[in-house]
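Me: Hi! I would like to learn how the words used for a structure follow from their definitions. Could you go through them with me?

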Amino acid sequence: MIIAEQKTLEEIKQIVAGYNKLLVVGCGTCVTVCFAGGEKEVGILASELRMARQMDGQQLETVERTIQRQCEWEFVDQLKDAIEDCDAILSMGCGVGVQGLAERFPTKVVLPALNTKGMALTVQEGLWAERCAGCGNCVLDKFGGVCPIARCSKSLQNGPCGGSVNGKCEIDPEIDCGWQLVYDRMKAINMLDKLYEVQEIKDWSTARDGGPRRINREDLRL
Amino acid sequence: MENEAEKSPNGYEPKVVAFACQYCAYSAADLAGPTGLQYPANVRLVKLPCTGKLDVLYILDAFENGADAVFIAGCLDGNCHHVEGPLRAKRRLVLANKILNELGIGADRLGMYQMSGGESIRFVEAAREMTDRARQLGPSPLNQRKSAANE
């Protein structure tokens, strides 16, 4: 899923400064699961912003709504009745959600409350860790299901580098060395010999380097 | 009947909201009367099915609606009917404290106490301690702003 975390209150206060009636919109999917922008977080942030404004001797009116997904028009359209008399929309969705609202309501100011961090796994309660970098050409078959692009700090396909120390990455002792994970996994499934294969230089044009990506499925279009 | 000793010497009486678990603190508060114990009338009790049900939003709602101090009263560690209620509540207080400090209201206006259902004296002590603390701190900065705006 997509993970995100809330900007600091100070940042959000500055972002919404000058707007007196805000529509605070949560998203009921990824950011609900990572406790960044679901219905509960909408309530908390709206309350924080109202109190923060009162502390400055001013008033802020908020309207709180949470839709199932900010990245699908069917759900975004449910906000139509709520946006009319709001000065701005504060989205608690990921970057996709913010842009979804901006595209659907072209004359409205749409502001972000979150920083989107990537695609991750819930490792345990309160801990999410990146597992996919969205490179556009999956190589997990070659590395035993451990992605060297997402989990090696250098995204090496022919690793490890010299910075692997006791199974940890040199950039942070809390971060596992991606290539140690690859090695351990390949060993566990008796496929260590496959690591002798030298990987060719990766074609990054399928990743962000190739420009904004899109998928066009003619069989699904109406 | 109001006990004079329970009143503030300077006339300022804070609003204190207590979120109390129904299995321990709420029972303890209930037992205070039959055992002849008084706690300040400043305290408004909100019954929770468990302190594990505590939500940061409840605390913020209390302050936004005029509370000068809030305290959570839950079971002793290891005695929770739902096993982990007070542990979860303590975790949520970490976020609540952070938010209250960021807002300028101050985390010292938020407290947590643990007790068994029979410890009415413990509940009374908690109620008095939080009320005294709120009296010393004065009206919450949010209430001060509201009063100034209304004048």
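Me: How do you know where the 17 positive and 18 negative charges of chain B lie on average?
Reply: In this predicted model, Lys and Arg count as positive and Asp and Glu as negative, while His and the chain ends are not counted. Each charge is placed at NZ of Lys, CZ of Arg, CG of Asp or CD of Glu. The two mean positions in chain B are 4 Å apart.

Me: What makes the radius of gyration of chain B agree or disagree with a compact globule?
Reply: The radius is taken over C-alpha atoms, and the globule rule is 2.2 Å times the number of residues to the power 0.38. For 151 residues that gives a value near 15 Å, and chain B has 15 Å, so the two agree. Its C-alpha trace spans about 45 × 35 × 20 Å along the principal axes.

Me: Why is strand β4 of chain B called mostly covered?
Reply: Buried means under 20% relative accessible area (exposed is over 50%, partly exposed in between; 1.4 Å probe, protein chains only). In β4(B), residues 110-114, 4 of the 5 residues are buried, so the strand is mostly covered. Over chain B, buried residues make up 47% of the 151.

Me: How do you know that β3 and β4 of chain B pair?
Reply: Pairing needs at least two DSSP bridges between strands (E runs of at least two residues, numbered from the N terminus). Strand β3(B), residues 69-74, is joined to β4(B) by 5 bridges, so they pair, and they run parallel. F71(B) stands opposite G111(B) in β4(B).

Me: How are residues and chains labelled?
Reply: Residues are numbered from 1 along each chain as its sequence is written, and chains are lettered from A in the order in which they are written. Local features need pLDDT of at least 70, and side-chain values use heavy atoms, leaving out hydrogens and water.

Conventions. This is a predicted model: local features need pLDDT of at least 70, side-chain atom pairs count only at pLDDT 80 or more; totals for chains, interfaces and linings use all residues. Helices (H or I, at least four residues) and strands (E, at least two) are DSSP runs, numbered from the N terminus.
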